[in-house]
Amino acid sequence: LSALRFDPRLPAYKADPWGAYRNYLAQTPVFQNPDGSWVVASFEAATRLLADRRRVRKRPDLLLRAFPTGDFRDHNANTMTFMDPPDHTRVRRAMAHAFTPGAIDYLQARIEQIAVELLDALEDRSSFDLVEDFAQPLPLFVICEMLGVPPDERPRFKVGAAAVVAGLEPGASAETLEAANTAVRELTALMSRYMEARSGGGGADILSLLLGLGQEDTLSPSELIHQAIFLLNAGHETTTTLIGSGAWALLQDDAARARLQSEPELYPKAVDELLRLYPPLHFTYRRAAERIELDDQVIEPGALLVILLAAANRDPAEFPEPDRLEIDRPNAKRHLAFAAGPHTCLGNNLARMEASIALRRLFERFTDLRLAGDPVGNRGLIFQGFTEIAVARGPSSPCARHPQPAQAHA
Ligand code: HEM
């Protein structure tokens, strides 16, 4: 049908993912890759497929083939993101107890406090790395607190989470997969220890809460450990990416920053717009469970579906002028950065709140913050973000690459 091809490992894609998505959207928003998988770029088709509980499934029996045997594979097979009903329904219902609006509200004051403490530590620094010094520790501290991880053990979770997330990337090397195996073993040992310590119940953390659930929602200890490790990964790297990319985008847009300063109640809306423009996960996978007819094409049962969340988020049919940052875009919240349907991100409201607080606190504290160099990309394929964003405070020096407006007009 066409010469279109989606392979995130190709240099042409890596050089300009957004250009590739634009091209698919303009030519054929649903197409078959040479390897037989189906690529879905349009907002309409992606939303419809993600929400289709009958014909679209995870089919872990097929999806997990990509992972060789080992602890990492076993771990993934037991996490809710790789489950279908009835297991998915049961595990998700139990885990949802930790993400009720009340549970999220309860965390708000604590997140504000963590943000303030991190910014206090930067008060005397004229330059810093926005990722390492702020975007990375904030969600790590939040999820570790939710899981009851003591502060001195956080660094082990940071390293472990990064290793597990790297193992999920398509075509991960044998070395990366071995590191993921090791990380899963270590995290399992740590989580088991926390869980034993909490078996008496009564703690304010998620493990205590989930251990104390009634009969109907009880997960086995091993199920619970797998979900806890998954939460650590799901809730940490992604939110770091959102805060980092979001701050980077706002630092390049003086008008947006000025508007947020005078109307801080816009932060939650702005966060959705930033999620739309820079989704931390660029794509996700599903399997056709039945024959699907879509845009005059036929997808056979068992076919792999590659849903391009990042492309759908910039589909001009849904989001006019899709590449423009419009902090109060009316329908920004319809983005697919958290996917949609039965597997919609369970932590979406928590992530939104963390990012709103982080960005507001950051820009309220440092009104003179600016980028101090090109950010460093993480080289991820699914998980695309920055590992380093150099920033500085105060006016840029006269020898800076980009002249200030006053100098430009001098
Ligand atoms: C900006 C931050 C985040 C982004 C962009 C994000 C994105 C996603 C996406 C796209 C999925 C669906 C994956 C798929 O269906 O293939 C997902 C699932 C999930 N996320 Fe998030 N996430 C974020 C933060 C969080 C946080 C903070 C938590 C919890 C602490 C969390 C917990 C989960 C869970 C439990 C699932 C599995 C849901 C299921 O399979 O039913 N996420 N996330």
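**Close-up views of helices α7 and α13 and the ligand shell**

**View 1. Ser245 in helix α13.** Ser245 is located in helix α13, which comprises residues 221-251. The model shown here and in the following views is a predicted one. Ser245 has a relative accessible area of 5% and is therefore buried, the cut-off for that class being under 20%. Leaving aside residues up to four places away in sequence, Ser245 touches Tyr278 and Phe386.

**View 2. Thr240 and its contacts.** Thr240 is likewise part of helix α13. With a relative accessibility of 7%, Thr240 counts as buried. Its side chain reaches the backbone oxygen of Ala135 at a distance of 3.0 Å. Ala135 also appears among the residues that Thr240 touches, together with Val131, Gln136 and Pro139, when residues up to four places away in sequence are not counted.

**View 3. Helix α13 as a whole.** The end C-alpha atoms of α13 are 45 Å apart, in agreement with the 45 Å that its 31 residues should span at 1.5 Å a residue. Of these 31 residues, 26 are buried, so α13 is largely enclosed by the rest of the structure. Helix α13 also gives the most to the shell around the ligand, with 7 residues.

**View 4. The shell around the ligand.** The ligand has 29 residues around it, of which His88, Arg92, Thr284, His343 and Cys345 come nearest. By class, the shell holds 17 nonpolar, 9 polar and 3 charged residues. At least two residues of the shell are supplied by each of α6 (87-95), α13, β5 (284-288) and α17.

**View 5. Polar side-chain atoms at the ligand.** Three of the residues that come nearest to the ligand are shown here: His88, Thr284 and His343. For Thr284, a polar side-chain atom lies 2.4 Å from an oxygen atom of the ligand. For His88, the separation between a polar side-chain atom and a ligand oxygen atom is 2.6 Å. A polar side-chain atom of His343 is placed 2.7 Å from an oxygen atom of the ligand.

**View 6. Helix α7 and its packing.** Helix α7 covers residues 101-120, and its 20 residues should span 28 Å at 1.5 Å a residue; the end C-alpha atoms are 29 Å apart, which agrees. At Gln108, α7 bends by about 35°. The buried residues of the helix are Ile104, Leu107, Ile111, Glu112, Ile114, Ala115, Leu118 and Leu119. An α-helix has 3.6 residues a turn, so residues three or four places apart point the same way. The buried residues of α7 pack against three helices, namely α8 (130-135), α9 (137-147) and α17 (348-365).

**View 7. Glu112 on helix α7.** Glu112 has its place in helix α7. At a relative accessibility of 12%, Glu112 counts as buried. When residues up to four places away in sequence are left out, Glu112 touches Ile357, Arg360 and Arg361. Although Glu112 and Ile357 are 245 residues apart along the chain, their C-alpha atoms are separated by 6.4 Å.

Technical notes
Residues numbered from 1 in each chain as written. Predicted model: local features only at pLDDT ≥ 70, side-chain atom pairs only at ≥ 80, totals over all residues. Heavy atoms only, no water. Helix = DSSP H or I, 4+ residues; strand = E, 2+ residues; numbered from the N terminus. Expected span 1.5 Å × (residues − 1). Bend = angle between axes of the 7 residues up to and from the residue. Buried < 20%, exposed > 50% of the residue type's maximum accessible area, 1.4 Å probe, protein only. Contact = heavy atoms within 4.5 Å. Near = heavy atom within 4 Å. Polar contact = N/O pair within 3.5 Å; in protein donor to acceptor, adjacent residues only side chain to side chain. Nonpolar A, V, L, I, M, F, W, Y, C, P; charged D, E, K, R; others polar.
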